Amino acid sequence: DDPYAAHYLQAEVQIMARDPIALETARAQMPRIRNSLLMLFGQQKPADLSTREGKERLQTAALVEVQKVMQSETGKPVVEAVYFTSFVMQ
């Protein structure tokens, strides 16, 4: 497998927080959140995402990225979970 070959990953992500104000803040920060997630997803190797465990590691890393943005904006991580609602790799 060529490590420099182009690959395709499309993922739809939903975030979960119990605080409605936190969700509004997250909506306002969506450009920063999307940027952080795109940077994270762009670093992934197809072999690392071919298993459930690999996808779960990416899910955990995505939560950390979202929480970093929210921490810098609100002083608290506030987002409790990140869920993949669609995940396509080619």
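**Figure 1. V78 and its positive phi in the loop between α3 and β2.** At 22% relative accessibility, V78 counts as partly exposed in this predicted model, because that value falls between the 20% limit for buried and the 50% limit for exposed. You will find V78 in the loop that runs between α3 and β2. Take a look at its backbone too: phi of V78 is near 45°, a positive value in a residue other than glycine. For context, most residues other than glycine have a negative phi.

**Figure 2. The chain as a whole, to help you place the close-ups.** Three helices and two strands make up the secondary structure of the chain. Following the sequence from its start, the pattern reads β-α-α-α-β. The C-alpha trace spans about 45 × 20 × 15 Å along its principal axes. Of the 90 residues in the chain, 23% are buried. Among contacts with a separation of 6 or more, 72% are between residues 24 or more positions apart.

**Figure 3. Helix α2 and its buried face.** Helix α2 covers residues 30–42. Its 13 residues should span 18 Å at 1.5 Å a residue, and the end C-alpha atoms are 18 Å apart, so the expected and modelled spans agree. Which residues of α2 are buried? They are I33, S36, L37, L40 and F41. Seen down the axis of α2, these buried residues fall within an arc of 130°, so they line one face of the helix. The cover over them includes β1 (9–16), α1 (20–28), α3 (52–74) and β2 (81–89). Turn to the other side of α2 and you meet P31, R34, L38, M39 and G42, which are exposed.

**Figure 4. The crossing of α2 and α3.** The axes of α2 and α3 come within 10 Å and cross at roughly 145°. This crossing of α2 and α3 is right-handed. On the α2 side, the contact is made by R32, I33, S36, L37, L40 and F41. From α3 come L58, A61, A62, E65, V66, V69, M70, S72 and E73. Several names may look familiar from the previous view: I33, S36, L37, L40 and F41 are the residues listed there as buried in α2.

**Figure 5. Q29, a buried loop residue.** Q29 lies in the loop between α1 and α2. Is Q29 buried or exposed? With a relative accessible area of 12%, Q29 is buried, because this value is under the 20% limit. Setting aside neighbours within four places in sequence, Q29 is in contact with V69 and E73. Both V69 and E73 also belong to the α3 side of the contact with α2.

**Figure 6. R18 and E80, a salt bridge between two loops.** Side chains of opposite charge can pair when their charged atoms come close. Here R18 forms a salt bridge with E80, and their closest N and O atoms are 2.9 Å apart. R18 sits in the loop between β1 and α1, while E80 sits in the loop between α3 and β2, so the pair ties together parts that are 62 residues apart in sequence. R18 counts as exposed, at 65% relative accessibility, whereas E80 counts as partly exposed, at 36%. The count for the model comes to five salt bridges, and two others get their own view next.

**Figure 7. Salt bridges within helices α1 and α3.** In helix α1, the side chains of R27 and E24 meet in a salt bridge, at 2.7 Å from N to O. R27 and E24 are three residues apart, about one turn of the helix. In helix α3, R52 pairs with E56 in a salt bridge whose closest N and O atoms are 2.8 Å apart. R52 and E56 are four residues apart, again about one turn of the helix. R52 counts as exposed at 62% relative accessibility, and E56 is partly exposed at 35%.

**Figure 8. I15 in strand β1 and its contacts.** I15 is found in strand β1. Its relative accessible area is 24%, and I15 is partly exposed. Which residues does I15 contact, leaving aside neighbours within four places in sequence? The partners of I15 are A26, V66, V79, A81 and V82. A C-alpha distance is worth a look here as well: I15 and F84 are 69 residues apart along the chain, and their C-alpha atoms are separated by 9.0 Å.

Note on methods:
Residues are numbered from 1 along each chain as its sequence is written. This is a predicted model: local features need pLDDT of at least 70, side-chain atom pairs count only at pLDDT 80 or more; totals for chains, interfaces and linings use all residues. Side-chain values use heavy atoms; hydrogens and water are left out. The expected span of a helix is 1.5 Å times one less than its number of residues. Buried means under 20% relative accessible area, exposed over 50%, partly exposed in between (1.4 Å probe, protein chains only). The arc is that of the directions from the helix axis to the C-beta atoms. Contact means heavy atoms within 4.5 Å. A salt bridge is a side-chain nitrogen of Lys or Arg within 4 Å of a carboxyl oxygen of Asp or Glu. Axes are lines fitted to C-alpha atoms, for helices over the stretch in contact, and angles run from 0 to 180 degrees between N-to-C directions. A crossing is left-handed if the near helix is turned anticlockwise from the far one by less than a right angle, and right-handed if clockwise.
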